[in-house]
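User: I would like to learn how to read the features of a protein model, beginning with the bonds between cysteines. Could you take me through them one by one?

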Amino acid sequence: VTDFQVYQTPDLPEPAPRTPFRDPVFGTCLVRVTDRAADLAPDDLSGGLKNEYSRVQSFNADGSLIVARSTEAWWYLYDAASLQPLGVLPVGVEPRWDATDPDVLYSLSETRLLSINVRTGQERTVHDFAADLPGRSLAAVWTRYEGAPSYDTRYWGLMAEDQDFLTVAYLIYDLQTDQVVALRETPDRPEIDSVTISPLGNYFLAYDDEYCEAGQLGTDSDPCGLMVYDRNLQNGRGLLRIVGHSDTALDAAGREVLIYQDIDTDHIAMLDLASGAITNLFPIDFSRSPLGLHFSGRASHVPGWALVSTHSGCHPQDCTWMDDAVFAVELKAGGRAVRLAHTHSLVDETQEHDYWAEPQASASPDFTRVLFTTNWGRSGTDQVEMFLIALPERWWEALP
């Protein structure tokens with residue numbers, strides 16, 4: 001479905017786990033991957049399971065495995081073909097798959113980058129960043145949950161935090177050479193929401209908690225909003241005065257871009273990281289609901305497309321085409337949108353547990369599988385499940 005009509009979310013009972021079904025509105029094939037009643041470890045007191053986040057790749061290099069998170073931060077491995085659970089993963093925070101080795105999963109623990117072979121269970125320390133900042137008492141070196149390495153997992157954009165969890169430095173780590181290739185100390189910096197590196201590793205992005213004044217952008221000496229640095233962590237440029245949910249991606253020409261919610265103009269928009277040029281993709285109608293959006297540029301093999309998921313649309317009747325949905329968008333002006341599924345997730349922003357029910361959809365590298373989270377109407381609980389949407393190979397070539 002590529003039109004912009006409002007299609008109401010159908011009233012369906014929660015599907016049984018691991019039993020495929022057809023979305024009655026959009027015609028896609030879906031399956032509930034997780035089973036909160038059976039898949040959780042005995043000591044895990046979580047209410048449910050989910051894909052980690054929209055900006056995180058859940059599938060391994062050959063698409064044979066999926067990593068999932070429980071609401072109490074236990075990590076689980078699933079077979080991507082049978083969807084059967086394979087057990088608990090003993091990893092730190094921010095598990096990220098290697099881009100070429102399907103058995104290797106990285107994670108971060110305090111100042112160390114770790115790896116684990118998920119088939120053999122062999123663990124090792126890849127790099128300890130404490131040695132790169134001697135004399136510092138560090139609590140963590142990480143992206144602060146939401147970042148990812150470059151698509152080839154060679155370059156990692158990280159932030160170092162002291163014992164008060166204040167940012168003291170930015171780092172770019174080259175996994176291939178096992179070296180910190182750039183380090184920028186950040187004295188007296190306000191808190192940073194998160195950092196990441198661009199898909200090809202050319203740009204370091206820092207999401208500053210301090211927004212710029214209207215009409216202003218950050219500078220190298222006075223950062224605010226979204227700051228972008230070259231790979232050597234020099235030439236800091238403010239590209240957005242304020243930035244909400246977003247993700248990096250590649251457009252059809254291979255340019256590194258950011259797809260994001262433009263808070264100033266109420267558009268789904270695209271930002272060219274090299275030039276700073278902004279392209280509006282689709283207007284967002286906030287007149288009837290407090291719509292929340294997440295973005296995924298994790299389809300690394302499919303430049304020119306990204307994924308959007310929404311929550312907190314109108315209830316009980318949808319009132320915009322974006323309400324409570326998962327859809328793909330083309331990364332160009334006048335591009336197409338492809339409607340994939342309703343989420344059936346009821347998110348009440350006043351309910352703390354409903355954070356877990358935000359769909360936060362993410363696509364596989366080849367964009368043939370999409371994961372999203374839903375509470376299937378159980379607002380106020382953390383009883384969530386992870387669903388999978390299956391798409392034909394190269395589906396974009398068959399679009400009108």
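User: To which residue is Cys314 joined by a disulfide, and how should I read such a bond?

Analyst: In general, a disulfide is a covalent bond between the sulfur atoms of two cysteines. Here the term is applied to a pair of cysteine sulfur atoms within 2.5 Å, and Cys314 is joined in this way to Cys319, with an S to S distance of 1.7 Å. This is a predicted model, in which local features need pLDDT of at least 70 and side-chain atom pairs count only at pLDDT 80 or more, whereas totals for chains, interfaces and linings use all residues. Residues are numbered from 1 along each chain as its sequence is written, and side-chain values use heavy atoms, with hydrogens and water left out.

User: Are Cys314 and Cys319 buried or exposed?

Analyst: Buried means under 20% relative accessible area, exposed means over 50%, and partly exposed lies in between, for a 1.4 Å probe and protein chains only. Cys314 is buried at 11%, and Cys319 is buried at 14%. Cys29, by contrast, has a relative accessibility of 26% and counts as partly exposed.

User: How many disulfides does the structure hold, and in what pattern?

Analyst: There are 2 disulfides, and they follow the pattern 1-2, 3-4 when the bonded cysteines are counted along the chain. Cys212 and Cys224 form a disulfide with their sulfur atoms 2.1 Å apart, and because the torsion about their S-S bond is about 105 degrees, this disulfide is right-handed. Both cysteines lie in the loop between strand 16 (203–208) and strand 17 (226–230), so the pair ties together parts that are 12 residues apart in sequence. Strands (E, at least two residues) and helices (H or I, at least four) are DSSP runs numbered from the N terminus. Cys212 and Cys224 are both buried.

User: What describes a pair of aromatic rings, and how many aromatic pairs are there here?

Analyst: Such a pair is described by the distance of the centres and the angle of the planes. Rings of Phe, Tyr and Trp (its six-membered ring) pair if their centres lie within 6.5 Å, and planes under 30 degrees apart count as stacked, over 60 as edge-to-face and the rest as tilted. The structure holds 18 aromatic pairs. In one of them, Phe204 and Tyr229 have ring centres 6.2 Å apart and planes at 65 degrees, so the pair is edge-to-face. This pair links distant parts of the chain, since Phe204 is in strand 16 and Tyr229 in strand 17, 25 residues apart. Phe204 is buried, at 0% relative accessible area, and Tyr229 is buried as well, at 2%. The rings of Phe372 and Phe387, with centres 5.8 Å apart and planes at 25 degrees, are stacked. Phe372 belongs to strand 28 (residues 369–374) and Phe387 to strand 29 (residues 385–390), so this pair ties together parts that are 15 residues apart in sequence. Both Phe372 and Phe387 are buried.

User: Which residues form one aromatic cluster, and which charged end sits over the ring of Tyr155?

Analyst: Phe4, Phe282, Trp321 and Phe327 form one aromatic cluster. A charge sits over a ring if NZ of Lys or CZ of Arg is within 6 Å of the ring centre and within 35 degrees of the ring normal. The charged end of Arg231 sits over the ring of Tyr155, 4.2 Å from its centre, and Arg69 lies over the face of Trp75, at 5.9 Å from the ring centre.
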